[in-house]
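Please look over the sequence and the fold shown here before reading the report on how some of the helices and strands are arranged.

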Amino acid sequence: MFRRLAKKVTELAADYLEDLDSRPTFPSSQGAGVERLFHTDCPEQGIGEEALQQLQDVIEHSRVQNGRFFGYVLGSGEPVGAVADLLASVLNQNVTAWRSGPAAVTLEHTVVDWLAQAIGCKGFRGSLTGGGSPANLMALAIAREAKMPANETGVKAQGVFYASQEAHMSISKSVALLGVGRKNLRLIATDEKFRLLPTELEKAIGEDKATGRIPIAVVASAGTVNTGAIDPLPEIAAIARRHGLWMHVDGAYGALAAIATPGKFTGLNLADSLSLDPHKWLYQSLDCGCLLYRDANAARTAFSNTGDYARALTDDPIEGFAFFEESIELSRRFRALRLWLSLRYHGLGAFRTAIQKNLDLAQRLAAAITKERDLELLATGELSAVCFRYVGDGRLSGKELNHLNAEILKRVVQRGRVYLSNATLRGQFALRACIVNHRTTEADVDSVITETLAAAGELAN
């Protein structure tokens with residue numbers, strides 16, 4: 001039965017990949033129609049292999065990550081890793097501790113070591129997560145417990161976290177969930193390239209210390225989600241050390257680009273903790289995030305609270321290891337298999353080349369925008385996010401331009417040839433193209449301008 005079903009699903013997947021490039025970047029789906037198609041009663045009696053017939057409908061109403069998908073920061077779903085996911089589901093390993101899955105735990109340790117070494121953070125430990133958001137939450141939980149212990153008695157003092165105005169939304173969510181409160185997240189001003197200003201950070205820490213508040217941690221960005229800005233990591237690390245703060249680097253978007261361009265990430269190894277997303281710039285299927293930290297004892301202090309039923313019955317450092325002593329998770333999927341197989345199959349050099357190609361294509365797009373009189377380049381950071389807007393003949397006000405570009409974005413998505421997202425940069429609504437796809441070509445990137453101008457022309461008519 002499994003062999004027969006797997007063959008049918010594999011053929012569907014192979015057909016999908018074969019014509020991926022010709023598919024629209026967004027399906028012609030309407031909410032009510034999709035609801036009617038899928039939101040049905042659960043059958044009391046199974047329908048057997050007939051159940052597979054609707055898988056094609058699932059495909060047709062799914063968003064496509066081909067080379068012209070430039071929305072958000074979303075990896076492209078590398079096929080070798082997808083093959084590994086099938087086996088991972090069949091093996092169904094619960095990667096809680098070595099005794100629960102010897103191969104799975106060992107492979108996770110292995111790929112975490114590989115990732116740390118690849119970005120210049122050899123010796124860091126950690127685990128794979130569902131993504132950058134849970135990795136950031138766990139990192140800030142470790143920081144809070146290290147600098148302002150609260151696990152036993154609750155939050156008693158007024159602690160403060162620091163991040164730039166461009167920080168990812170998961171940072172404010174984490175601070176709220178940790179009981180510190182969003183009002184105690186100080187958002188620090190940025191420079192003209194949207195990077196955190198160290199002088200403003202130092203000033204804010206000094207002000208808080210003077211009023212009796214407890215500075216806990218600073219979150220630096222190694223690739224902001226809007227523009228790909230990389231905060232000045234060495235300067236931030238020096239301030240954190242001087243004032244006794246934990247330094248966490250949110251590298252979910254950008255830090256893996258250190259594989260290709262390590263010079264952009266000087267100071268990354270000075271962090272106390274670091275989040276990564278292999279499901280972004282290692283092109284893995286969702287979900288595959290990673291949390292790295294320098295001190296495993298700090299992670300255990302934050303998370304170790306084991307019931308007798310889960311305690312290891314051995315003191316062996318390998319066989320007695322448990323991820324749940326260093327993580328918020330207990331039940332955990334075998335995420336490492338896809339990453340391990342993918343890296344072994346292609347080699348790290350192939351990923352280095354693909355990342356560099358993405359970076360080069362972003363520069364190509366930025367350069368082309370500057371040559372187009374009807375477009376204005378608003379930001380292009382050190383990575384692969386390019387923000388721009390349509391300005392036309394220059395006669396529209398700022399408010400009118402914001403409205404027009406929002407309408408252009410809707411029209412571009414509806415046309416289905418490229419998929420863009422948006423960002424708001426200092427009050428300006430921007431069209432945003434982010435290139436983190438191993439399939440993207442020069443022609444794909446060139447179509448961004450073509451489609452934007454075509455959408456503007458349709459609106460004008």
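What follows describes a buried strand, an open sheet with its helices, and a pair of helices.

The structure is a predicted model, in which local features need pLDDT of at least 70 and side-chain atom pairs count only at pLDDT 80 or more, while totals for chains, interfaces and linings use all residues. Residues are numbered from 1 along each chain as its sequence is written, and side-chain values use heavy atoms, with hydrogens and water left out.

Helices (H or I, at least four residues) and strands (E, at least two) are DSSP runs, numbered from the N terminus. Five of the five residues of strand E7 (residues 289–293) are buried, so E7 is largely enclosed by the rest of the structure; buried means under 20% relative accessible area, with a 1.4 Å probe and protein chains only. Gly289, Leu291 and Tyr293 point one way from E7, whereas Cys290 and Leu292 point the other way.

Strands pair if DSSP finds at least two bridges between them, and the table lists antiparallel pairs.

| Strands | Bridges | Residues standing opposite |
|---|---|---|
| E1 (residues 125–129) and E7 | five bridges | Ser127 and Leu291 |
| E6 (residues 273–276) and E7 | four bridges | Ser275 and Leu291 |
| E8 (residues 375–380) and E9 (residues 385–390) | five bridges | Thr380 and Val386 |
| E9 and E11 (residues 428–434) | four bridges | Cys387 and Arg432 |

An open sheet of four strands follows the order E8-E9-E11-E10, with antiparallel pairing. Its edge strands, each of which pairs on one side only, are E8 and E10 (421–425), and the twist averages 40° from one strand to the next. Helix H13 (residues 348–370) packs on this sheet and touches E8, E9 and E11, its direction making about 145° with that of E8. Helix H15 (residues 442–460) lies across E8, E9 and E11 and runs at about 25° to E9. Within the sheet, a hairpin of four residues joins E8 to E9.

Elsewhere, the axes of helix H6 (residues 132–147) and helix H7 (residues 169–177) come within 9 Å and cross at roughly 45°. Axes are lines fitted to C-alpha atoms, for helices over the stretch in contact, and angles run from 0 to 180 degrees between N-to-C directions. The contact, meaning heavy atoms within 4.5 Å, is made by Ser133, Asn136, Leu137 and Leu140 of H6 together with Ser170, Ile171, Ser174, Val175 and Leu177 of H7.

Technical notes
Buried means under 20% relative accessible area, exposed over 50%, partly exposed in between (1.4 Å probe, protein chains only).
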